[in-house]
Amino acid sequence: MNLIRVSLIFAVIIGILSTTSQSLRFELQSGHTKCIAEDIKSNSMTVGKYSIVNADETHPLPESHRVTVRVTSTSGNSYHYTENVESGQFAFTAAESGDYMVCFWAIDHNPKVTLTVDFDWRTGVHAKDWTNVAKKGSVDVMELELKKLYDTVSSIHQEMFLLREREEEMQELNRSTNSRMAWLSGLSFFICITVAGMQLWHLKTFFEKKKII
């Protein structure tokens, strides 16, 4: 059990330190929807930016190049909604843990057009713009690194509590399962003994009627 716990802790630390952000570029056809999900812990900050790529920067995007964007939580709560825009952004602190979903819908157009969308989604430690923090706070490199390290440690600390809760749930499930198995084994043994006794009684009665014994 201790080895499993250590492995889980290392996996959490590596995941937090190695994951930076979800930066995507995808194509979206008019009249269609594309959704992207991200697992976010409660009280974690998340920010997202999206924009339609303009292949010809000398001209503005045509009216057909617009998207509608909605951000919802795992329970269906809406955190961001905007219609027919070229670009936008959202930022919020997750009130609940679970999968949060960002859906892009391109307005229907005839003839069909294909949009290219840039989407940058960051959560937790990586949701903070450290460049702006350094500029606004006039902090040196060491202070900036310490701020990053502090937020990383805080994220790991939250993950530790989550892992501890899950471990307690698993232990409770194991105890409950073992108790039920013991009860089921006892019941099965009692039924077997009862059936065997009834068979012996039936055979004895049968033989006595036949005057064999």
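**Exercise 1. Find the loop that holds Asn43, then describe the backbone and exposure of Asn43.**

Step 1. Asn43 sits in the loop that runs between strand S2 (33-40) and strand S3 (45-52). Helices (H or I, at least four residues) and strands (E, at least two) are DSSP runs, numbered from the N terminus.

Step 2. Although Asn43 is not a glycine, its phi is positive, about 65°.

Step 3. With a relative accessible area of 60%, Asn43 is exposed. The scale is this: buried means under 20% relative accessible area, exposed over 50%, and partly exposed in between (1.4 Å probe, protein chains only).

A word on the model before you go on: it is predicted, so local features need pLDDT of at least 70 and side-chain atom pairs count only at pLDDT 80 or more, while totals for chains, interfaces and linings use all residues. Residues are numbered from 1 along each chain as its sequence is written, and side-chain values use heavy atoms, with hydrogens and water left out.

**Exercise 2. Describe Asn84 with the same three steps.**

Step 1. Asn84 belongs to strand S5 (residues 78-85).

Step 2. Phi of Asn84 is also positive, near 50°, in a residue other than glycine.

Step 3. Asn84 counts as partly exposed, at 42% relative accessibility.

**Exercise 3. Locate the cis peptide bond that involves Pro111.**

Step 1. The bond joins Asn110 and Pro111, and its omega is about 5°.

Step 2. Now place it in the fold: Pro111 lies in the loop between strand S7 (98-106) and strand S8 (114-123).

**Exercise 4. Write down the overall plan of the protein chain.**

Step 1. Count the elements: there are three helices and eight strands.

Step 2. Put them in sequence order, and you get α-β-β-β-β-β-β-β-β-α-α.

Step 3. Check burial: 26% of the 213 residues count as buried.

Step 4. Look at contacts (heavy atoms within 4.5 Å). Among those between residues at least 6 apart in sequence, 72% join residues at least 24 apart.

**Exercise 5. Which residues have the most contacts inside the largest nonpolar core?**

Step 1. Learn the term: a nonpolar core is a set of buried Ala, Val, Leu, Ile, Met, Phe, Trp, Tyr and Cys residues joined through side-chain atoms within 4.5 Å.

Step 2. The largest core has 23 residues, and those with the most contacts inside it are Phe90, Val102, Phe104, Phe119 and Trp121.

Step 3. The elements that give two or more residues to this core are strand S1 (22-29), S2, S3, strand S4 (67-72), strand S6 (87-93), S7 and S8.

**Exercise 6. Classify the ring pair of Phe119 and Trp121.**

Step 1. Rings of Phe, Tyr and Trp (its six-membered ring) pair if their centres lie within 6.5 Å; planes under 30 degrees apart count as stacked, over 60 as edge-to-face and the rest as tilted. The whole structure has 10 aromatic pairs.

Step 2. The ring centres of Phe119 and Trp121 are 5.7 Å apart and their planes are at 40°, so the pair is tilted.

Step 3. Both Phe119 and Trp121 are buried.

Step 4. Ring pairs link these two into a cluster whose members include Phe26, Tyr50 and Phe104.

**Exercise 7. Where is Leu28, and what does Leu28 touch?**

Step 1. Leu28 is in strand S1, and it is buried, with a relative accessible area of 3%.

Step 2. Leaving aside neighbours within four places in sequence, the contacts of Leu28 include Lys34, Val67, Phe104 and Val113.

Step 3. Compare sequence and space: Leu28 and Val113 are 85 residues apart along the chain, yet their C-alpha atoms are separated by 8.5 Å.

**Exercise 8. Describe the span annotated as a "transmembrane region".**

Step 1. The label comes from an unreviewed UniProt entry and covers residues 181-201. UniProt positions are given in the numbering used here, feature names are shortened, and annotations may be inferred rather than shown by experiment.

Step 2. In the model, this span is 100% helix and 0% strand, and its end C-alpha atoms lie 30 Å apart.
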